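I opened this entry to look up the empty space in a model and the ligand that goes with it. My notes follow in the order I worked.

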Amino acid sequence: MSDTPLFAPTPEHEAIREACRAVCDDKVAPNAAEVDQQAVFPQASYDALRAADFHAPHIPEAYDGVGADALATAIVIEEVARTCASSSLIPAVNKLGTMPLLLAGSEDLRRRYLPPVARGDAMFSYCLSEPEAGSDAAAMKTRAVRHGDTWVLDGAKRWITNAGVSDYYTVFAVTDPDQGARGISAFVVEKTDAGVSFGAPEKKLGIKGSPTCEVYFDGVRLPADRLVGVEGEGFKLALRTLDHTRVTIAAQAVGIAQGALDYATSYVRERRQFGRPVADFQGVQFMLADMATKLEAARQLTYAAAARSERSDADLTFFGAAAKCFASDMAMEVTTDAVQLLGGYGYVQDYPVERMMRDAKITQIYEGTNQIQRVVIARQLLK
Ligand SMILES: Cc1cc2nc3c(=O)[nH]c(=O)nc-3n(C[C@H](O)[C@H](O)[C@H](O)COP(=O)(O)OP(=O)(O)OC[C@H]3O[C@@H](n4cnc5c(N)ncnc54)[C@H](O)[C@@H]3O)c2cc1C
């Protein structure tokens with residue numbers, strides 16, 4: 001564990017925020033409504049993020065990345081989410097998909113698969129959930145059977161973010177059905193591997209610009225060197241990954257809420273009723289005050305969790321779950337209040353806050369529902 005406290009952003013972190021905000025305001029925000037309405041992948045936003053190296057900032061320099069630390073990565077995701085939650089899943093899911101390699105992958109696997117992601121030539125998704133194995137992910141059925149030098153993979157994963165767009169997938173599969181959670185292993189699967197196919201995109205409430213599909217594996221033959229880490233330790237690796245990446249979902253939630261608060265604050269200054277701006281009414285001011293206070297509390301908890309992630313501290317499991325849970329509940333409240341502050345105008349697509357409210361909802365569900373985060377938090381307290 002490092003001695004550096006790293007709780008607060010340094011001037012370098014703030015410079016990254018400023019640079020990312022400029023790119024997002026200029027090149028991501030203009031596509032956000034259209035991407036949501038058309039439910040299409042935000043290609044123009046991806047291109048802008050790639051051009052500025054904000055698409056996968058966490059990848060270390062040794063693998064051709066820019067080597068942003070966990071706090072800088074969280075700030076990038078927060079800033080992208082402030083303008084477009086769908087686009088923020090580009091850096092977030094690139095981290096989610098590659099984290100198993102960074103935590104446990106062989107040097108050979110890292111050298112093969114991380115540089116294309118760092119260059120923006122490929123994206124990386126994470127395949128844990130299945131139709132019958134969501135919160136109880138260890139109940140997965142996807143099976144990998146060893147035949148000499150190859151593994152043969154069969155099964156189906158559900159709800160996979162950026163499926164079909166990503167070139168690479170970390171896939172968790174049962175390698176020893178007698179061992180339960182200790183009989184699960186992780187593999188890198190390529191989109192072009194024979195036997196890989198994708199379902200139709202889900203029709204979702206929010207983050208409509210981020211494709212979510214089923215991924216099918218039909219006798220996919222994987223060379224033995226595609227195993228990530230140690231056979232049988234895949235489930236542990238899946239959970240260690242989530243400890244780190246729940247921080248990024250917390251950052252996404254903070255960003256969505258900030259976008260909604262910013263919009264609502266400027267709106268109430270302009271909107272006049274009873275002969276004056278509605279911002280003059282104390283009832284409105286109290287709502288803004290509560291929104292901003294909760295938002296800042298969530299941001300500070302998220303940054304504290306990011307520091308734990310950077311150092312892989314022993315209390316990261318608690319902090320990752322607490323930050324994700326608190327920030328996503330906050331984002332749901334703040335975006336709902338933002339809709340309220342716009343009155344009827346908040347309820348229609350001509351204004352961005354209804355999109356932000358729909359987008360906020362997913363942060364309470366994925367990478368473990370907030371009920372599961374509370375299970376994780378309580379387990380840490382009671383262990
Ligand atoms: C848009 C989207 C993108 C996603 N992206 C990915 C991805 O990229 N990769 C991936 O692997 N997965 C992904 N997921 C899956 C996501 O992580 C799961 O949906 C989530 O973990 C919940 O699983 P479930 O949907 O099966 O719900 P269930 O597990 O069926 O839960 C149903 C309800 O029961 C509650 N519940 C379940 N168990 C308990 C318990 N022990 N105590 C209290 N309450 C409980 C849940 O909180 C929930 O309210 C995504 C999901 C969505 C919707």
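Before quoting a volume I fixed the term: a cavity is a set of grid points where a 1.4 Å probe fits but cannot get out. The volume is the space filled by probe spheres set on those points. I also note that this is a predicted model.

**Entry 1: the cavity**

I asked how many cavities of 30 Å³ or more there are. The count comes to 1. I then looked up the volume of the largest cavity and got about 40 Å³.

Next I listed its lining. From the α1 to α4 stretch of numbering I wrote down A32, V35, D36, C84, A85 and S86, among others. K208, R355 and D359 are also on the list. Three elements give two or more residues each: α1 (11-38), α4 (85-104) and α9 (353-362). I checked which element gives the most, and it is α1, with 3 residues. By class I noted 4 nonpolar, 1 polar and 4 charged residues in this lining.

**Entry 2: the largest pocket**

I moved on to the open space. The largest pocket holds about 1300 Å³. Its lining runs to 47 residues. Nearest its centre I found S129, I365, Y366, E367 and G368.

I then sorted the lining by element. Those that give two or more residues are α4, β1 (124-127), β3, α6 (234-270), α9 and α10. Which element has the largest share? I found α6, with 8 residues. The class split of the pocket lining is 23 nonpolar, 11 polar and 13 charged.

**Entry 3: where the ligand is**

I looked up where the ligand sits, and it is in the largest pocket. I counted 19 residues around the ligand. The closest are S129, S135, W159, T161 and T369. S129 was already on my list of residues nearest the pocket centre.

Two elements each supply at least two residues of this shell: β3 (150-161) and α10 (370-382). The largest share comes from β3, with 3 residues. I split the shell by class and got 9 nonpolar, 8 polar and 2 charged residues.

**Entry 4: polar contacts of the ligand**

I went through the N and O pairs. Which residue has a backbone N or O atom 2.8 Å from a nitrogen atom of the ligand? I found Y126. L128 also uses a backbone N or O atom, which lies 2.9 Å from an oxygen atom of the ligand. For Q371 the side chain is involved: one of its N or O atoms is 2.8 Å from a ligand oxygen atom.

Last, I checked burial. Taken alone, the ligand exposes 980 Å². The protein buries 65% of that area.

Methods
Residues numbered from 1 in each chain as written. Predicted model: local features only at pLDDT ≥ 70, side-chain atom pairs only at ≥ 80, totals over all residues. Heavy atoms only, no water. 1 Å grid on protein atoms, 1.4 Å probe; cavity = no way out; pocket = protein on both sides within 12 Å on 5 of 7 lines; lining within 4 Å. Helix = DSSP H or I, 4+ residues; strand = E, 2+ residues; numbered from the N terminus. Nonpolar A, V, L, I, M, F, W, Y, C, P; charged D, E, K, R; others polar. Near = heavy atom within 4 Å. Polar contact = N/O pair within 3.5 Å; in protein donor to acceptor, adjacent residues only side chain to side chain. Areas by Shrake-Rupley, 256 points an atom, 1.4 Å probe, with all protein chains shown as cover. Sits in = over half its atoms within 2 Å of the grid points.
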